[in-house]
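This report describes one protein chain, taking a few local sites before the chain as a whole. The sequence and the model come next.

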Amino acid sequence: MSEGCIPLRLISRQQKVPLFRAKSMEKLHQPFVTCNSSSYKESGASGLEVKLAIMRSKLEEAETIKALHKEAINNKESKLAQYADLYSRETVKCNDLAKTVDYLTQKSTELSQRESKLETSLKSHLESKAHQNDDDDDDPKLKKNLSDYIEKNVCLAMGDLETLSRFNQIKILSLFKKKFEAFSSIHSFSSIHSFQTRKLEKMISFSTRLSADENEPKIEGVAVDEEGNIYVADSANRLVKCFTIDGQCKWATETPPCPPYNVAIVNSKHIAVTKSYSDSLDIRRSDDGVRVKEVFVNLFCPFPGLAVYKDNVAIVESCDTLENGCVNIFKMTSDYNLISKQTFFGDSNKPHVHFIPMYEPRYVHLTKHYILISSKMALHTLSLEGDLVALTAPSNTQPHGLCTDFAGNILCVDKIKSQIQITPANFPKCILSKEDGLEDPTDITIKHGHLFVCDGHMIKVFV
C-alpha cells in the first residue's frame, strides 16, 4: 500500500461491511452505509450473488459521493466567481479614490500658495496705507477698491476652506487605503483559494536569531495577528519574540523558569503562551510582551500545544502519569480566567469507528465545530463534545503543527519527511517539501491566505 492515508475499518461479528463516505471538512462525518449479507443468504442467494449485491451497493455509494463532490465543486466555483467580481469592483473603487486623493492634494498645495500670496498682498497694502495722509482715508474710490479686494479674496478663501474640509474627509479614507496597501503582503485576494488547488511560492523568509541569543533558536510555535505581527516561541533561548512581516524584531521577552512551547492570539491586545513542564498559562500584551496574568491550569507536560478560538482554549497534555495523551478544553472569561474544564481522550462510543490513542500529542487547532490534534501516531478530529469524528494515520510520518485553510482542508507538518501535507477528504497530498526549501519544519499557521512556516530558526511565508 502506498504512503498516505490508510482507511481504518472494522468488520463486526454480524458481518456488516461499513462503507466510508468521504466528504469535505464542512461535513467531516456521515453515518456508515451497511449491507447485511445474512439477509441475502436467508433469501437463498448464492455467495456470488451476495458479492454482486455488495459490489452494486458500493458502486451506488461511489456514484452518490461523486455527485456530492461535483455539487460541492460547482458551489465553490460559483463562490469564487462572486469573490472575483467583488474584488474587481473594490479595485476600481480604490483606483478612483487614489485619483481623488491626488487631485485634492494638488488643490491643497494651490490653496497654500494662494494663502501665502494673500497674506503678502494684505501686508503690502497695510504698509502703503500707513504712509497715506488722513485725507486719503476718506477717499470713496480707495475704500471701494479696498472693499472689493477684501471681498474677492475672502470669497476665494471661503471656497478653498470648503475644499480643504472635503480634503480632510478624503484624507481619512486615504490613510485607510495606505494602511490597506501597507499590509497588501498579508491581505490578499488569494485568501479565497484553497491551498489544494494552487502552487505555493515562497514570498519572504527571515531568521529569528537575535544578537543577544545564547543558543541557536528553536522555534516550536508560531502565531500571526491581524496586523501581520509574527509571534514565535523560542524554546532554546527561553524567549517569546515578536517580528514584523519584513523580519524586524519588535520585542523579545523571557519566560522564566520554563521555556515557551506554543503561542496563540487571544485578541487584538493580548497573546497566550504555554511553557514546557509548567502548570500555568501566560497572558501577555501583544505590543511589548509584558505578562499581565498567569493562569494556573494544573497541567504539567513537556509539549503543551495551545489553540484559542473565540472563548474556547485547547491545551494538549502528554506526560508519564498518563497512559495516553488528551486534550483539555476551557472557557476563557473576559478577565482571562479559565473555567469549565473538559478532558477528551479521542475515543469513540461508536463501534464502527476505529480508535487510536493520542500518543504524545504536541499540537492542537480549534475551528468552529472541530478540535484537531496531531499525535505521534495519527491526526485526530474531534467534535467540540469530544466525540471522535475522523482519524488519519499516515504511514511513516510524524504529524506536528497543523491548521486549516479557507476551504476547510487540514494542513499538517510531517516532521519525518520535512513536508507539509494537505488532507482533503482524508487523503494527504504534499504541497511543500525539501525541494521548496524546507529543512526542519515544526509549526504552521495561515493568515489572510498566506502560510507561515517555522523551519528551524527561520520563518518562511508562502503564498
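The charged end of R362 sits over the ring of F303, 3.6 Å from its centre; a charge sits over a ring if NZ of Lys or CZ of Arg is within 6 Å of the ring centre and within 35 degrees of the ring normal. This is a predicted model, in which local features need pLDDT of at least 70 and side-chain atom pairs count only at pLDDT 80 or more, while totals for chains, interfaces and linings use all residues. Residues are numbered from 1 along each chain as its sequence is written, and side-chain values use heavy atoms, with hydrogens and water left out.

F303 also belongs to an aromatic cluster with Y261 and Y363. Rings of Phe, Tyr and Trp (its six-membered ring) pair if their centres lie within 6.5 Å; planes under 30 degrees apart count as stacked, over 60 as edge-to-face and the rest as tilted. By this rule there are five aromatic pairs. One of them is tilted: Y261 and Y363 lie 5.7 Å apart, centre to centre, with 35 degrees between the planes. The pair links distant parts of the chain, since Y261 is in strand β6 and Y363 in strand β14 (residues 363-366), 102 residues apart. Strands (E, at least two residues) and helices (H or I, at least four) are DSSP runs, numbered from the N terminus. Y261 and Y363 are both buried, where buried means under 20% relative accessible area, exposed over 50% and partly exposed in between (1.4 Å probe, protein chains only).

Strand β14 is covered on both faces: Y363 and H365 on one side, and V364 and L366 on the other, are all buried. In a regular strand the side chains alternate between the two faces of the sheet. A hairpin of three residues leads from β14 to β15. The two strands run antiparallel and are joined by four bridges, with H365 opposite L372 in β15. Two strands pair if DSSP finds at least two bridges between them.

Strand β6 (residues 260-265) also holds V263. V263 counts as buried because its relative accessibility is 3%. Not counting residues up to four places away in sequence, V263 touches residues including V222, Y231, I271 and L306; contact means heavy atoms within 4.5 Å. V222 and V263 are 41 residues apart in sequence but 6.1 Å apart in space, C-alpha to C-alpha.

Elsewhere, β10, β11, β12 and β13 form an open antiparallel sheet in that order. Its edge strands, β10 (306-309) and β13 (338-344), each pair on one side only. Strand β12 (residues 326-332) pairs with β13 over five bridges, and I329 stands opposite Q342.

Most residues other than glycine have a negative phi, and most peptide bonds are trans. The table lists sites of another kind.

| Site | Place | Backbone value |
|---|---|---|
| R238 | loop between β3 (230-234) and β4 (239-243) | positive phi of about 55 degrees |
| S340 | strand β13 | positive phi of about 55 degrees |
| P256 to P257 | P257 in the loop between β5 (249-254) and β6 | cis peptide bond, omega near 0 degrees |

R238 is partly exposed, with a relative accessible area of 39%.

The protein chain as a whole has four helices and 24 strands. Of its 463 residues, 43% count as buried. Among contacts with a separation of 6 or more, 48% come from residues 24 or more positions apart.
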